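Open the model in your viewer and show side chains as sticks. The tour moves from stop to stop, with a selection at each one.

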Amino acid sequence: EGRNILMYTDFHGHSRRKNIFIYGCSSKGGKTAPSGNLLERIFPKLLSEVAPFFDYDTCSWKVQKGHHSTGRVVAWRQVGIRLSYTLEASLC
C-alpha cells in the first residue's frame with residue numbers, strides 16, 4: 001500500500017538485430033519525438049553511456065499496431081507506468 005511502480009521492463013532475446021536496444025512508449029511516438037518525452041528517454045540514454053553494446057540510436061518509442069497487448073504497452077496505457085520498456089538483446 002502506498003507504493004508506486006516507477007518503471008516496468010520486459011526483457012526479450014532476438015536473433016535479427018545486433019546489440020541491445022529498447023522499445024518504449026510515447027504518445028508522441030517515433031525516434032524523433034519532441035522533447036516533451038524526455039523522461040522516457042533518460043534510462044535508455046544512461047544505459048548507452050555505461051553499456052558498450054547498448055545502441056541508443058536503435059531505440060524506438062513508437063507503439064506499433066499489433067503491439068497493444070504487449071506487457072510494456074499494457075503497463076503504460078492501462079496501469080499508467082510512464083517508464084515502460086521492452087529491452088531487446090541479441091542472442092547471436
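Start by selecting S60, which sits in the loop between α1 and α2. This is a predicted model. S60 has a relative accessibility of 12%, so it counts as buried. What does S60 contact, once its neighbours within four places in sequence are left aside? Show I22, Y23 and G24: S60 is in contact with these residues.

**Aromatic pairs**

Now turn to the rings. The structure has three aromatic pairs. Select F43 and Y85 for one of them. Their ring centres are 5.5 Å apart, and the planes meet at 40 degrees. That angle is neither under 30 nor over 60 degrees, so the pair is classed as tilted.

Colour the backbone by secondary structure here. F43 belongs to helix α1, residues 38-50, and Y85 to strand β3, residues 83-90. The two positions are 42 residues apart in sequence, so the pair ties together separate parts of the chain. Switch on a surface and compare the partners. Y85 is buried, with a relative accessibility of 1%. F43 is partly exposed, at 26% relative accessible area.

Next, select Y56 and W61. The ring centres of Y56 and W61 lie 5.8 Å apart. Their planes are at 55 degrees, so this pair is tilted too. W61 is buried, with a relative accessible area of 1%.

**Charges over rings**

Keep Y56 and W61 on screen and add R41 and K45. Which ring does each charged side chain cover? R41 lies over the face of W61, 4.0 Å from the ring centre. K45 lies over the face of Y56, at 5.0 Å from the ring centre.

**Salt bridges**

Stay with K45. It takes part in one of the two salt bridges in the structure. Add E49 to the selection. The side chains of K45 and E49 meet at 3.9 Å, N to O. Look along helix α1: K45 and E49 are four residues apart in it, which puts about one helical turn between them. K45 is partly exposed, at 38% relative accessibility. E49 is exposed, with a relative accessible area of 57%.

For the other salt bridge, select R82 and E40. Their side chains meet at 2.9 Å, N to O. How far apart in sequence are R82 and E40? R82 lies in the loop between α2 (71-77) and β3, while E40 is in helix α1. They are 42 residues apart, so this salt bridge ties together distant stretches of sequence. Check the surface again. Is E40 buried or exposed? E40 is buried, with a relative accessible area of 5%. R82 is partly exposed, at 39%.

**Last stop: G80**

Stay in the loop between α2 and β3 and select G80, which also lies there. G80 has 54% relative accessibility, so it counts as exposed. Now draw a distance from G80 to I5, using the C-alpha atoms. The two are 75 residues apart in sequence, and their C-alpha atoms are 9.1 Å apart in space.

To finish, show helix α1 with the selected partners. E40 reaches R82 through a salt bridge. F43 pairs with Y85. K45 has two roles: it lies over the face of Y56, and it meets E49 in a salt bridge.

Technical notes: Residues are numbered from 1 along each chain as its sequence is written. This is a predicted model: local features need pLDDT of at least 70, side-chain atom pairs count only at pLDDT 80 or more; totals for chains, interfaces and linings use all residues. Side-chain values use heavy atoms; hydrogens and water are left out. Rings of Phe, Tyr and Trp (its six-membered ring) pair if their centres lie within 6.5 Å; planes under 30 degrees apart count as stacked, over 60 as edge-to-face and the rest as tilted. Buried means under 20% relative accessible area, exposed over 50%, partly exposed in between (1.4 Å probe, protein chains only). A charge sits over a ring if NZ of Lys or CZ of Arg is within 6 Å of the ring centre and within 35 degrees of the ring normal. A salt bridge is a side-chain nitrogen of Lys or Arg within 4 Å of a carboxyl oxygen of Asp or Glu. Contact means heavy atoms within 4.5 Å.
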